[in-house]
Amino acid sequence: MIRIRVAEETVGRYYPEQEMRTPTHFSIGQEAISVGVCQALEQTDAAFSGHRCHAEYLAKGGSLLGMFAELYGRVDGCCKGRGGSVHLNDPSVGMIASSAILGEMIAAGVGAAWAFKMDGSDRVAVTFFGDGVTEEGIMHESLNFASVMNVPVLFVCANNGLSTNTPLSVRQPRGHQIWKWAAGYNIASEHVDGSDVFAVHKAALRAVAHLRAGKGPYFIEAPYYRTRVHVGYETDEMKNYLFRSKETVEAGKALDPVLKATRKMIADGICTQAEVDEWTAAMVREVEDVVVQAKASPFPTVDQLLVGAY
């Protein structure tokens, strides 16, 4: 989680230079969900994500240089500089694809899982998405198909309660619970604190064991607090609390998953604050070195711009 946090804070520091010419959707606050789930997977398992994909890409083992060079539009990027922030992928570690076409990767995850089942493989697929996508038709078509075909797919709803800036309270029926919606499709489902990496990891281990036992799909809803604005590096404070009140923001910051995990590990005697500070400082040095490498990477040549475009 420190790796993801430091990487994104570094993006936030350099983004105002306007050398990264790509929209960015920060994952700060979401780290526990990505790490808790991906640590329950094998490298050969397939992961798919949406526009807010930085955390899943890094948690699955994606290259830091591949991410930063992609944000800078350089050939060392994971899409050779032509995909930008919303298309991070690294098939070598099982991060198959991400896309800003919201909902698209839910069907892709189900399709991959169906292929694994037909091949007799024990691989599983995971698809990460937000609460806004659960209101799209593809969500329900995918839940229905996955349940009917009994495929090994894990649906992970990282619920920040906002679709851009529109709260759940005006988008879904009062008292509605997303994980129970999935359970209506006869899919094993549970709700877990998305700011608690240990709780998320235990839920993911239960889910993956369920999938590999051939018991069909699994659904996890994990609420968390989105620390930055919907798109861009800014905080709510920098936006003069245009979209959320100062009180809401302060309450949300108290849910910080990195701080929560740090406090628990120190309390359990697993590490000290000095060791956490040392890990963070080492990560800062690594990411700063990667930024230098990314900026030194060349831009794609004009004759290569349409390669891979269909």
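Select strand 1, residues 46-49, in this predicted model. Ala46 and Phe48 point to one side of the strand, while Ala47 and Ser49 point to the other. All four are buried.

Keep strand 1 on screen and add its partners. Strand 2, residues 95-98, runs parallel to strand 1 and is joined to it by 3 bridges. Strand 3 also pairs with strand 1 in the parallel sense, again over 3 bridges. Now pick out phenylalanine 48. In strand 2, the residue opposite phenylalanine 48 is alanine 97; in strand 3, threonine 127 stands opposite phenylalanine 48.

Strand 3 leads to the next stop, the largest pocket. Strand 3 contributes 4 residues to the lining of this pocket, the most of any element. Helix 5 (104-119) and strand 5 (162-163) can be selected as well, since each of them, like strand 3 (125-130), supplies at least two lining residues. The space in the largest pocket comes to about 350 Å³. To find its centre, select His51, Leu102, Phe129, Gly130 and Val133, which are the closest to the centre among the 29 lining residues. Which classes of residue make up the lining of the largest pocket? Colour by class and the lining shows 10 nonpolar, 13 polar and 6 charged residues.

Next, turn to the nonpolar packing. The largest nonpolar core holds 61 residues. Select Val11, Val37, Leu64, Phe68 and Leu154 to see the residues with the most contacts inside that core. Helix 8, residues 197-212, gives the most to this core, with 7 residues. A second core, separate from the largest one, has 22 residues, including Ala113, Ala146, Phe155 and Phe219.

Go back to valine 11 and show its surroundings. Beyond residues up to four places away in sequence, valine 11 touches Met20, Phe26, Met67, Phe68 and Leu71.

For the last stop, select helix 11, residues 273-296, and find valine 291 within it. Is valine 291 buried or exposed? Valine 291 counts as buried because its relative accessibility is 3%, and the cut-off for buried is under 20%. Setting aside neighbours within four places in sequence, the contacts of valine 291 are Thr10, Tyr14, Phe68 and Tyr72. Phe68 has therefore come up at three stops: among the residues with the most contacts in the largest core, beside valine 11 and beside valine 291.

Finally, draw a distance between the C-alpha atoms of valine 291 and alanine 188. The two are 103 residues apart in sequence and 42 Å apart in space.

Technical notes. Residues numbered from 1 in each chain as written. Predicted model: local features only at pLDDT ≥ 70, side-chain atom pairs only at ≥ 80, totals over all residues. Heavy atoms only, no water. Core = buried A, V, L, I, M, F, W, Y, C linked by side-chain atoms within 4.5 Å. Buried < 20%, exposed > 50% of the residue type's maximum accessible area, 1.4 Å probe, protein only. Contact = heavy atoms within 4.5 Å. 1 Å grid on protein atoms, 1.4 Å probe; cavity = no way out; pocket = protein on both sides within 12 Å on 5 of 7 lines; lining within 4 Å. Points joined across faces, edges and corners; volume = space filled by probe spheres on them. Nonpolar A, V, L, I, M, F, W, Y, C, P; charged D, E, K, R; others polar. Pairing = 2+ DSSP bridges.
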